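The following exercises are to be worked with the sequence and the coordinates at hand. Each task is followed by a solution in steps.

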Amino acid sequence: MKTMTVQRQARKCSLPRGVGLIIALGTLIISASAFAAPGPLVVDGHTGLALSGFDPVAYFTEHKPKLGRAGLELRQNGAVWRFCNEGNRAAFAEHPDIYGPRFGGYDPVAIARGASVAGHPLIWAMVGARLYLFYNAAARAVFLSDPGRIIMAAERKWPTVAAGIPR
């Protein structure tokens, strides 16, 4: 049985010059994008409420929209979020990127067409563990007929559409 010396093992296992730096920079870029400022969010201009006061976590836990309570609020990303219970508020506070509506609550069908149209919290769908809101039932039906295609198109157009939404 042959064994390698420690020096030879180190040479064989080391990465080529520059690869470590590329990996480190890539990790830094990915980390920075994870903490980038959130995109536009549909917020009621009079009340400041996101989702018209519906609890964003309830879509995941109750599988339906439920109105949050005024006494259980959290201010985040320029909006007031309401919750049904302390657990939902804590879950959202820890992971707003998971529980918040995709595309900030704008209709993905409209986004795929290059427009920003606010979704309605009572017209919704869950796809891939993400919450999507729609302007009307017709847009929801179009989305559900081929969600993968609509999501891909909306993902491509979102940066341009989001840039045109006043904050």
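For the first exercise, residues are classed as follows: Ala, Val, Leu, Ile, Met, Phe, Trp, Tyr, Cys and Pro count as nonpolar, Asp, Glu, Lys and Arg as charged, and the others, Gly among them, as polar. The model is a predicted one.

**Exercise 1. The second largest pocket**

Task: Describe the second largest pocket by its space and by the residues of its lining.

Solution.
Step 1. The space in the second largest pocket is about 180 Å³.
Step 2. Its lining has 11 residues, and Gly39, Pro40, Leu41, Asn77 and Arg167 are the closest to the pocket centre.
Step 3. Under the classes given above, the lining divides into seven nonpolar residues, three polar and one charged.

**Exercise 2. The chain as a whole**

Task: State how many helices and strands the protein chain has, and give their order.

Solution.
Step 1. The protein chain contains eight helices and four strands.
Step 2. Along the sequence they follow the pattern α-α-α-β-β-α-α-α-β-β-α-α.
Step 3. Of the 167 residues in the protein chain, 32% are buried.
Step 4. Taking contacts between residues at least 6 apart in sequence, 53% join residues at least 24 apart.

**Exercise 3. Two aromatic pairs**

Task: Classify the ring pair of tyrosine 59 and tryptophan 124 by its geometry, then do likewise for tryptophan 81 and phenylalanine 92.

Solution.
Step 1. The whole structure holds nine aromatic pairs.
Step 2. Planes over 60 degrees apart count as edge-to-face. The planes of tyrosine 59 and tryptophan 124 stand at 75°, with ring centres 5.2 Å apart, so this pair is edge-to-face.
Step 3. Tyrosine 59 belongs to helix H3 (residues 58–61) and tryptophan 124 to strand E3 (residues 120–127); with their positions 65 residues apart, the pair links distant parts of the chain. Both tyrosine 59 and tryptophan 124 are buried.
Step 4. For tryptophan 81 and phenylalanine 92 the centre-to-centre distance is 4.6 Å and the angle between the planes is 40°, and the pair is tilted.
Step 5. Because tryptophan 81 lies in strand E2 (residues 79–83) and phenylalanine 92 in helix H4 (residues 86–94), the pair ties together parts that are 11 residues apart in sequence.
Step 6. Buried means under 20% relative accessible area. Tryptophan 81, at 2%, is therefore buried, and phenylalanine 92, at 1%, is therefore buried as well.

**Exercise 4. The aromatic cluster and the loop between H5 and H6**

Task: Identify the residues of the aromatic cluster, and describe the surroundings of arginine 102 and tyrosine 106.

Solution.
Step 1. Phe103, Tyr106, Tyr132, Phe134, Phe143 and Trp158 are linked into a cluster by ring pairs.
Step 2. Arginine 102 is in the loop between helix H5 (96–99) and helix H6 (108–112). Its charged end sits over the ring of phenylalanine 103, at 4.2 Å from the ring centre.
Step 3. Arginine 102 has a relative accessible area of 17% and is therefore buried. Apart from residues up to four places away in sequence, arginine 102 touches Arg130, Leu131, Tyr132 and Glu155.
Step 4. Tyrosine 106 is also placed in the loop between H5 and H6; its relative accessibility is 10%, so tyrosine 106 counts as buried.
Step 5. Although 28 residues separate tyrosine 106 and phenylalanine 134 along the chain, their C-alpha atoms are 7.1 Å apart.
Step 6. With residues up to four places away in sequence set aside, the contacts of tyrosine 106 include Pro40, Leu41, Ile111, Leu133, Trp158 and Ile165.

**Exercise 5. Positive phi values**

Task: Find where leucine 51 and histidine 63 lie, and decide whether leucine 51 and histidine 63 are buried or exposed.

Solution.
Step 1. Most residues other than glycine have a negative phi.
Step 2. Leucine 51 has a positive phi, near 55°, and histidine 63, which is not a glycine either, has a positive phi of about 60°.
Step 3. Leucine 51 is in the loop between helix H2 (19–34) and H3, whereas histidine 63 is in the loop between H3 and strand E1 (69–76).
Step 4. With a relative accessible area of 6%, leucine 51 is buried. Exposed means over 50%, so histidine 63, at 59%, counts as exposed.

Technical notes:
Residues numbered from 1 in each chain as written. Predicted model: local features only at pLDDT ≥ 70, side-chain atom pairs only at ≥ 80, totals over all residues. Heavy atoms only, no water. 1 Å grid on protein atoms, 1.4 Å probe; cavity = no way out; pocket = protein on both sides within 12 Å on 5 of 7 lines; lining within 4 Å. Points joined across faces, edges and corners; volume = space filled by probe spheres on them. Phe/Tyr/Trp six-rings, centres within 6.5 Å; stacked < 30°, edge-to-face > 60°. Helix = DSSP H or I, 4+ residues; strand = E, 2+ residues; numbered from the N terminus. Buried < 20%, exposed > 50% of the residue type's maximum accessible area, 1.4 Å probe, protein only. Lys NZ or Arg CZ within 6 Å of the ring centre and 35° of its normal. Contact = heavy atoms within 4.5 Å.
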